[in-house]
Amino acid sequence: MGKGFFQVPTAYNEPVKSYAPGTPERDEVLKQYKVYYKGKVEVPLYIGSEEVKTGNTKPMSPPHEHKHVVGHYHTADKKLVEKTIANCLESRRAWANLPWEQRAAVFLKAAELIAGPYRAKINAATMMAQSKTIHQAEIDAACELIDFLRFNVEFMSQIYGEQPESSEGIWNRVEYRPLEGFIYAITPFNFTAIAGNLPASAAMMGNVVVWKPSDSQVFSAKVIMDVFKEAGLPDGVINMVMGDPVMISETLLTSPDFAGLHFTGSTYVFKELWKQIGNNIHSYKTYPRIVGETGGKDFIIAHPSAKPKQVATAIVRGAFELQGQKCSAASRVYLPKSVANEILDLVKADLASFNKPGSPEDMSNFVTAVIHEASFDKLAKYIDQAKTDKDAEIIAGGGYDKSVGYFVEPTVILTTNPKYETMCTELFGPVVTVYIYEDQDWSETLKLVDSTSEYALTGAVLSTDRYAIEEATKALQDCAGNFYINDKPTGAVVGQQPFGGARASGTNDKAGSAQNLLRWVSPRLIKETFVTPEDYRYPFLG
Ligand SMILES: NC(=O)c1ccc[n+]([C@@H]2O[C@H](COP(=O)([O-])OP(=O)(O)OC[C@H]3O[C@@H](n4cnc5c(N)ncnc54)[C@H](O)[C@@H]3O)[C@@H](O)[C@H]2O)c1
Ligand SMILES: N[C@@H](CCC=O)C(=O)O
């Protein structure tokens, strides 16, 4: 780069802290957790320069102790959502005209605030709000969000540095304009990093954003807003509104100034939003950008040559970390008959070594609570169904109890039907379904993996046979946007494995890559001619 162009700090992945007993980070995060537990956090709406308290509030409770209230958040009505649009448009000009390196500095500062003074807060808030263990909180709310901010600034500078060639007497320049209007960011409950990244990536490119976090993630969303404000993000650039998602969406998507949707969440909701945008297409100033990362039904397939302990570990980590509430979670597994029982015995032994699901405050817990009662009840229904269906049986787990927290035991369903309901439907919980295939049916089973699910987000093959790896890589080309060889199908790292999938899993605009940031700009080509023609005749006219 160089040539009079600001050189941004080289991005690097934030090291994951251990939180081992006796470490300062462990003491600090547990201390902060207790402060949150005893306290009452109040979350306003962030609209322009105002922190709006409407008095129409909803309680926030940890999923692992759902009768305990740790705060309330205020909800917006239609008038306030309309006011948010007006505020956005007022703020847009100044933010869009700010030199890119000034915008970059705000988000680089945000990354350092999270890496330092806010690390314990954002991790403790994520443990509290989403019932994440400290390790899951650390790799998400601290490290992945820091990485998103640092690497996106680097990708941003690369984009601005992409300039066309010029020619004699002509200077061609590309201006990467923000979109003309506002961006609507809708984020899911399960990753604090995604909640921060969706509004930040659009804002970084000069856009103004209306951000609607998940009702189940507002507690940690507030910490994100605290960080952005302390980092110097001007008021009105990212506006955070909570409330009825249908009303908020209907209000925003009927605005002529709606310029883009940055969504992460379920496939059904994304398709409904896309339909709404289509129905309003004639009212928009500009064609809105639509970026969505959605559901998954992620697979693990083991080849007969795979090492049983490696397969078992990929299943246990991939299926049960965060209680299976990752879009990338392993939820359908294909095992060869010759090693299936050995692998399943190893899985059962691992599960037997778990504590019962409990609070993340007890850092020896590997599994905590699922996010809310609706998820709990859905999972209980599938578990009960498997207990009675003739082509399914529960070989581990199967218990659940919502008297204190939404606790579902890590559960393994074994089915004789490769198209059994839980081999196809996203459950989004600690339930994995296993199908055993005859060793000689390896190639046929690859076709089954590809044809079983509407989703194509992540998947993993485990094998020590290179030819089998090649065959699987080819055969499974279309059924995973993030494909893992000899590892679990979760845990993409920003700057290393850009994340996203196709089919019903999203538009695959790869969060954490320059490709995603390009969705939030509208390039303008400027051609300056230094010797302007003064005669209409071209040479051939003589
Ligand atoms: N592909 C990915 O990168 C990725 C990442 C995280 C989660 N997910 C997916 O998200 C889902 C789990 O997250 P979730 O439970 O928060 O998803 P969800 O779809 O229930 O909610 C996501 C967001 O959409 C909002 N929403 C819900 N209904 C809406 C409506 N009618 N109009 C407008 N907004 C609406 C919610 O309030 C929330 O903010 C799973 O399907 C998971 O696979 C995908
Ligand atoms: N990017 C995360 C999944 C995010 C969805 O929930 C992973 O790769 O595990």
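Here is a short conversation about a predicted model and its two ligands.

Visitor: Let's start with the record. Which residues does UniProt list for "domain: Aldehyde dehydrogenase"?

Guide: Happy to begin there. The entry is an unreviewed one. Over the range it gives, the chain is 43% helix and 18% strand, with the end C-alpha atoms 37 Å apart. UniProt lists the domain at residues 61-515.

Visitor: Now to ligand 1. Which element gives the most residues to the shell around it?

Guide: Among the 27 residues around ligand 1, those that come nearest are Thr 187, Lys 212, Ser 266, Thr 294 and Glu 426. An oxygen atom of ligand 1 is 2.8 Å from an N or O atom in the side chain of Lys 212. Two or more residues of the shell come from each of α8 (245-253), β10 (258-264) and α9 (267-279). With three residues, the element that gives the most is α8.

Visitor: How much of the accessible area of ligand 1 does the protein cover?

Guide: Let's look at polar contacts on the way. The backbone of Thr 187 places a polar atom 2.7 Å from an oxygen atom of ligand 1, and the side chain of Ser 266 has an N or O atom 2.6 Å from an oxygen atom of this ligand. On its own, ligand 1 has 840 Å² of accessible area, and the part covered by the protein is 85%.

Visitor: And by class, how many residues in the shell around ligand 1 are charged?

Guide: Nonpolar residues number 14 in this shell, and polar ones ten. Lys 212 and Glu 426 are among the residues that come nearest to ligand 1, and both types count as charged. The charged residues in the shell number three.

Visitor: Turning to ligand 2, what share of its accessible area is covered by the protein?

Guide: Several residues make polar contacts here. The side chain of Asn 190 has an N or O atom 2.7 Å from an oxygen atom of ligand 2. Backbone atoms take part too, at 2.9 Å for Cys 327 and 2.8 Å for Ala 492. Of the 290 Å² that ligand 2 has on its own, the protein covers 95%.

Visitor: Which residue is the charged one in the shell around ligand 2?

Guide: The shell divides into four nonpolar, four polar and one charged residue. Its members are Asn 190, Phe 191, Lys 326, Cys 327, Ser 328, Thr 490, Gly 491, Ala 492 and Phe 499. Since Asp, Glu, Lys and Arg count as charged, the residue is Lys 326.

Visitor: In which helix do Lys 275 and Glu 272 lie?

Guide: A search of the whole structure finds 28 salt bridges, and one of them joins the side chains of Lys 275 and Glu 272, at 3.0 Å from N to O. The two residues are three apart, about one turn of the helix, and that helix is α9.

Visitor: Last one: what is the area of the nonpolar surface patch that includes Phe 530?

Guide: Phe 530 sits in the segment after β23 (521-529). Together with Trp 171 and Val 531, Phe 530 makes a nonpolar surface patch of about 360 Å².

Definitions and conventions
Residues numbered from 1 in each chain as written. Chains lettered and ligands numbered in written order. Predicted model: local features only at pLDDT ≥ 70, side-chain atom pairs only at ≥ 80, totals over all residues. Heavy atoms only, no water. Patch = residues over 30% accessible without salt bridge, like charges linked within 9 Å, V, L, I, M, F, W, Y side chains within 5 Å. Areas by Shrake-Rupley, 256 points an atom, 1.4 Å probe, with all protein chains shown as cover. Salt bridge = Lys/Arg side-chain N within 4 Å of Asp/Glu carboxyl O. Helix = DSSP H or I, 4+ residues; strand = E, 2+ residues; numbered from the N terminus. UniProt positions renumbered as here; feature names shortened; annotations may be inferred. Near = heavy atom within 4 Å. Polar contact = N/O pair within 3.5 Å; in protein donor to acceptor, adjacent residues only side chain to side chain.
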